[in-house]
Amino acid sequence: MRFTSLGSGSSGNGLVVECGATRVMMDCGFTLADTKGRLERAGLSPSDIRGVVVTHEHDDHMGGVARFARRYAIPIYLTRGTGQWLPPDFPAVLVNFIDPHTVFAVGDVAVEPFPVPHDAREPVQYVFSDGAARLGVVTDLGTITQHVVEKLSGCEALVIECNHDLDMLMTGPYPVPLKLRIAGRFGHLCNSAAGELVAALQRSRLRHLIAAHLSQQNNTPELAVCALSEAAGCEREWVGVATQDGGFGWRDV
């Protein structure tokens, strides 16, 4: 199994997981042309994607899903709550509704959704597996729950939201209601909370740890890496960062 990020942040998110001959995209928050270009940068074309799994309806995650899937006839997988934001004329034959607690397969990829606290209709995050290794991804959640800890424990690779530094957020230019939403229990994880999540996990098999969904206004890669490395008890050089423009390159699990 290997995985790569096409980009991560408030302006668009996309991640590709490859197991055997199957490649699955998680979210697509980019324009059609941008998605194609980001895939090409990863050595892929749209025809290589077997399915798109969606976390929730916010535009930076779902904004490009319908156009991309319709153009290339790619099946999508999402909860019924998230599905309410599909265009009315989206082809029903491409829609696969998932249960937030039930594992499903897309080709060679086992996909395990799990619910998270976030201000969306029926949000989930995912663990991907090829039967031997597991990749856990959580990019949008406001609170750490025991259920999340259980799902992410024992993974070989983790992509963890480090959205903001709380001091930068609270002293920054955002309106107070937006600050409170971001920092609230249905908003986004700050660096320290992401560190608490990592510290709570069973990490004996962990080989990759990556900070994702960093705010360009309210965080820095250095602060995010510091929080995760301290929590994991590892060198800072061992922690990766998913950037908005470049994501990160392929990583083998």
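Me: Two strands pair if DSSP finds at least two bridges between them. This model is predicted. What makes strand E4 and strand E5 a pair?

Reply: Two bridges join E4 (residues 51-53) to E5 (residues 76-78). The definition asks for at least two, so E4 and E5 count as paired. The two strands run parallel.

Me: Which residue of E5 is the bridge partner of Val 53?

Reply: Tyr 77.

Me: What sheet do the seven strands form, and in what order?

Reply: The sheet is open, and the order is E6-E5-E4-E3-E2-E1-E14. Its pairing is mixed. From one strand to the next, the twist averages 20°.

Me: Why are E6 and E14 called edge strands?

Reply: E6 (95-97) and E14 (248-252) each pair on one side only.

Me: What lies across E1, E2 and E3?

Reply: Helix H1 (residues 32-41) does. H1 runs at about 140° to E1. That angle is taken between N-to-C directions on a scale from 0 to 180 degrees, so 140° belongs to the obtuse half.

Me: Why is the set of 29 residues called a nonpolar core?

Reply: A core needs buried residues of nonpolar type, joined through side-chain atoms within 4.5 Å. Buried means under 20% relative accessible area. Those with the most contacts inside this core are Leu 152, Leu 158, Ile 160, Leu 197, Leu 209 and Leu 228. Leu and Ile are on the list of accepted types, so these six fit the definition. In soluble globular proteins, nonpolar side chains tend to be buried together.

Me: Which elements build this core?

Reply: H5, E11, H8, E12 and H9 each give two or more residues. H9 gives the most, with five. A second, separate core has 27 residues, including Val 124 and Val 253.

Me: What does Leu 158 touch?

Reply: Beyond four places away in sequence, Leu 158 touches Leu 135, Gly 136, Leu 152, Leu 201, Leu 206, His 208, Leu 209 and Ile 210. Each counts as a contact because heavy atoms lie within 4.5 Å.

Me: What makes the space of about 90 Å³ a cavity?

Reply: A 1.4 Å probe fits there but cannot get out, so the name applies. A search of the whole structure finds one cavity of 30 Å³ or more. Of its 15 lining residues, the closest to the centre are Ser 8, Asn 13, Gly 14, Leu 15 and Thr 139.

Me: How much space lies in the largest pocket?

Reply: About 210 Å³. A pocket is an open set, so this space is not enclosed like a cavity. Its lining has 14 residues, with Ser 10, Asn 163, Arg 181, Ile 182 and His 188 nearest the centre. Helix H7 (residues 176-183) supplies the largest share, three residues.

Definitions and conventions: Residues numbered from 1 in each chain as written. Predicted model: local features only at pLDDT ≥ 70, side-chain atom pairs only at ≥ 80, totals over all residues. Heavy atoms only, no water. Buried < 20%, exposed > 50% of the residue type's maximum accessible area, 1.4 Å probe, protein only. Helix = DSSP H or I, 4+ residues; strand = E, 2+ residues; numbered from the N terminus. 1 Å grid on protein atoms, 1.4 Å probe; cavity = no way out; pocket = protein on both sides within 12 Å on 5 of 7 lines; lining within 4 Å. Points joined across faces, edges and corners; volume = space filled by probe spheres on them.
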